[in-house]
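Welcome! Take a moment to look at the sequence and the 3D picture, and then let us walk through them together.

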Amino acid sequence: MQKIASEDPHVTLITPTAPMSAGTHGGRAKCLQRLVRLELPVPRTVALSFDTVHAIAEGEMPDIEAILREFPEDALLCVRPSSEDPDWGGPGAILNVGMNDARYVDFCDTLGQTAAAALYQRFVQSYALHVARLDPDAFDEVVEDGPDGLTALLHAYEDETDETFPQEPAEQLAAVLRSMARAWEGTSARLLRQAKGAPADAGLGLVVQQMIPGLGQDECGSGVLQLVDGTTGRPQIIGRYLSQSQGRDALGAGAEALYLESDPRGPALQDVAPEAFEALQEHAGLMRRKLREEMQVEFVIENGRVHILDGVRVTRSARAAVRIAVRLAEDGIITPQEAVMRIDPHALNELLHRQVDPEAARDVIGNGIAASPGAASGKLVFTSAEAQASAARGEACILVRRETSPEDIRGMHAAAAVLTERGGMTSHAAVIGRGLGLPCIVGASRIRLQSKKKQFTSPDGRVFRAGDVVTIDGSSGEVLAGEPAMLEAALDDTFMTLMSWADAERDIGIRANADTPADAQTARNFAAQGIGLCRTEHMFFDPGRLTVMREMIFAQTSEGREAVLARLLPMQRDDFVQLFRIMQGKPVCIRLFDPPLHEFLPATRSGQRELAEALDIPVSDVTRRVEAMAEYNPMLGLRGVRLGVTVPEIYDMQARAIFEATLEASRDGAAVVPEVMIPLVSAKREVELVKARIDAVAAAVKSEKGEDFDYRLGVMVETPRAALRSAEIAPNSAFLSFGTNDLTQMTYGLSRDDAGRFMSAYVQQGVFLEDPFHVLDIEGVGELLRLGAERGRKVNPDVTLSVCGEHGGNPESIAFCREAGFDYVSCSPFRVPVARLAAAQLAIADQLGVRDSISR
């Protein structure tokens, strides 16, 4: 037996003073209360709390008769869901509860047979499918409207259920409430809302509202209205109106629906009911001012009179969200601080990059890890040389590789997007893609790549060959066939205004990782406060330099290496002069040479023959040298500072290039104070050895040029030992920059290039809460950062602390860096605006005494 609660304090008539909140009755109920407080024409409404709806799902019903007594005896009712967050969804609304044979007869007299039948038929269909859970196929033969269609529908219901359609309003309402409550509690609904960010135990409220039919003899109908375009955010009256309709019918009515504002394309509500249109505008404007938000208004017109059924936040794109927030602030409705807090930092990617139009058809042919946001279409190519040839012809191309290496840099520069079969969030393709602002998908392991045949096979068996056009959606991780419509990047005045407000609030520095003058210019355009990481090795893969670099590797003596490197010196110096001039006096942190030397040697026989010809030596000498330099684990081998100690000529040349460029760039601009960073340090003595040589080079340059300059020397903390022994390293360092990519890799003993193969399974099974290469591991890697920062600052209070790994652009990671006392974070140029906004939101949240979800 079902228990009946005779009086339920959680069943509440919505009045201006009724006790309710979004956390107890849901967002829709609370919004309706606000509309009632504004004295808008809202039909009488009762709200059921989360607790009441949960009890209904368990079989404990509220006093249905008491609910019905809140409405006129002959009223029809609508039941709508009211979740805490509208994005979490809920069961569909059920209209015309209370409709029965007797009411049908009454409506025939007042509205006419056709309108009365439409009301009754709509309710029977909704009840049959969503409450009685009947098979839709049972009603396929009911194709008529009007009285005959209603009769056929009622007969079909009786045939399926062996009982007549319920006639008592109390029985109907109880069944509707029970059905909606149980639907919310179902497994599918729970999983769906959890995917949208709702907690597993999220509650559902229900609102029972008096129906305004929208059908009648005079001007009657329903529609929706909003004052902004949800795609652009620009002021515009948007929506549709449909005569003789209910609910949101107007949105699906096509050509039958009327425009709202007078429009040359067809009839409009303003033409047929100007007074109602004017009232709607006034109501929507009042809602915007008092609710401090752009709202979509659901309305119904009854014989020319407007009723407001609901108000929901306008659904909007990221670009519209920025424009809306800025306009509300400029109109004095919200503060600039609040405008900053309203924008999801992650959503800025939609503004910074081209995106696939949300309305475009998507023919998905593969999936991978969304490693670098944005979208691009182009013809498939399978080598870097083909990508460069395509760029020379002016053709957009998509570079497909099993995985990329430094030798692919030029091909990546030439491509419109990159797709790799292997890799994770911090693999080579992912890092370079984000740095270039290049759409990139990695780890697309279900695509079967056949590089020699220059083709790949999608999971559904389709074969795509060189020259076929595909689209890479780096925001979703989807590979699409063909060329769907795109939305262009939108960095307009409102974006600049929002970012200026953000910069006024944030309290941590934001720099960019930039390896080339183009990267530096992008960083400058996005208002980065300097370059936090310049990886100099990428400069050596230019064909004109690669051969010289290889010649240096084959040199047998220190003098021979110095002679070859002297040819690279002017090239490297010019690189740095360009970076310094672009940054106009802002700090530039240059990481000395890091990768193992074998990466510069050709791996193929044909490449080795070409190198032998270029160096005029036997192929056998090249082969032996390549074999001699091979390492079992090169990422933990002879690289970084270990090269600086054992092959010091490379760092000597780079230091000279930096210091000579410093003097040259300072002559015609702001004074440059370069930051020189030693990579992969794990011991104090390594720093001492390298520092001594760099200081000697600086002294030599000052003496030769007769000019003085300042510079800062620091360490890139990438090994756990460097973090743990930072108290020994910090005294010789002006800064400690934590490279969290390698630090995460070494802390976990996990290859970042291979982690993508199993990371999804690990996250799904709860081994890791998130991919640690994507979101900083606060508990493990974060502890090393805290220890390194605390111990380093203890012996050197003035040491600058920063994070320069890919985590630097992650809002959750920025929260940790602020709390741990870091001075700045550095990230890919295109993530700089995201980091600026996230940092501002954290600062504002601290000022307000709250912590936004961004830091969770």
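Let us start with one residue, Ser813, which is found in helix α32, a stretch that covers residues 811-819. Keep in mind as you read that this is a predicted model. Is Ser813 buried or exposed? Its relative accessible area is 1%, so Ser813 is buried. Leaving aside residues up to four places away in sequence, Ser813 touches Val775, Leu776 and His807.

**The chain as a whole**

Now zoom out. The chain has 856 residues, and 56% of them count as buried. Its secondary structure consists of 33 helices and 32 strands. Along the principal axes, the C-alpha trace spans about 105 × 60 × 60 Å. About 35700 Å² of the chain is exposed, with carbon and sulfur atoms supplying 48% of that area.

How do the parts of the chain meet? Take the contacts between residues at least 6 apart in sequence: 67% of these join residues at least 24 apart. As for charges, the chain has 87 positive and 122 negative ones, and the mean positions of the two groups are 9 Å apart.

**Aromatic pairs**

How many aromatic pairs does the structure hold? There are 19 of them. To describe such a pair, one gives the distance of the ring centres and the angle of the planes. Here are two examples.

| Pair | Centre to centre | Angle between planes | Arrangement |
|---|---|---|---|
| Phe123 and Phe165 | 5.6 Å | 85° | edge-to-face |
| Phe526 and Phe830 | 5.5 Å | 70° | edge-to-face |

Why is the pair of Phe123 and Phe165 called edge-to-face? Its planes meet at 85°, and the label applies because planes over 60 degrees apart count as edge-to-face. Phe123 belongs to helix α6 (residues 113-131), whereas Phe165 sits in the loop between α7 (146-161) and α8 (169-185). The two residues are 42 apart, and their pair links distant parts of the chain. Both Phe123 and Phe165 are buried. They also belong to a cluster linked by ring pairs, which brings in Tyr104, Tyr120, Tyr127 and Tyr157.

The pair of Phe526 and Phe830 reaches across 304 residues of sequence, because Phe526 lies in the loop between α19 (517-525) and β26 (531-535), while Phe830 lies in the loop between β32 (824-827) and α33 (832-848). Phe526 has 7% relative accessibility, so this residue counts as buried. Phe830, with a relative accessible area of 16%, is buried as well, because the cut-off for buried is under 20%.

**Around Phe830**

Which residues does Phe830 touch, if those up to four places away in sequence are not counted? The list is Leu352, His353, Arg434, Gly435, Leu436, Gly437, Thr522 and its ring partner Phe526. Val548 is not on that list; the C-alpha atoms of Phe830 and Val548 are 32 Å apart in space, and the two residues are 282 apart in sequence.

**Charges over rings**

Finally, look for places where a charged side chain meets a ring. Arg193 lies over the face of Trp184, at 3.9 Å from the ring centre. Likewise, the charged end of Arg240 sits over the ring of Tyr259, 4.5 Å from the centre of that ring.

Methods: Residues are numbered from 1 along each chain as its sequence is written. This is a predicted model: local features need pLDDT of at least 70, side-chain atom pairs count only at pLDDT 80 or more; totals for chains, interfaces and linings use all residues. Side-chain values use heavy atoms; hydrogens and water are left out. Helices (H or I, at least four residues) and strands (E, at least two) are DSSP runs, numbered from the N terminus. Buried means under 20% relative accessible area, exposed over 50%, partly exposed in between (1.4 Å probe, protein chains only). Contact means heavy atoms within 4.5 Å. Accessible areas come from the Shrake-Rupley method with a 1.4 Å probe; for residues, only the protein chains shown count as cover. Lys and Arg count as positive and Asp and Glu as negative; His and the chain ends are not counted. The place of a charge is taken as NZ of Lys, CZ of Arg, CG of Asp or CD of Glu. Rings of Phe, Tyr and Trp (its six-membered ring) pair if their centres lie within 6.5 Å; planes under 30 degrees apart count as stacked, over 60 as edge-to-face and the rest as tilted. A charge sits over a ring if NZ of Lys or CZ of Arg is within 6 Å of the ring centre and within 35 degrees of the ring normal.
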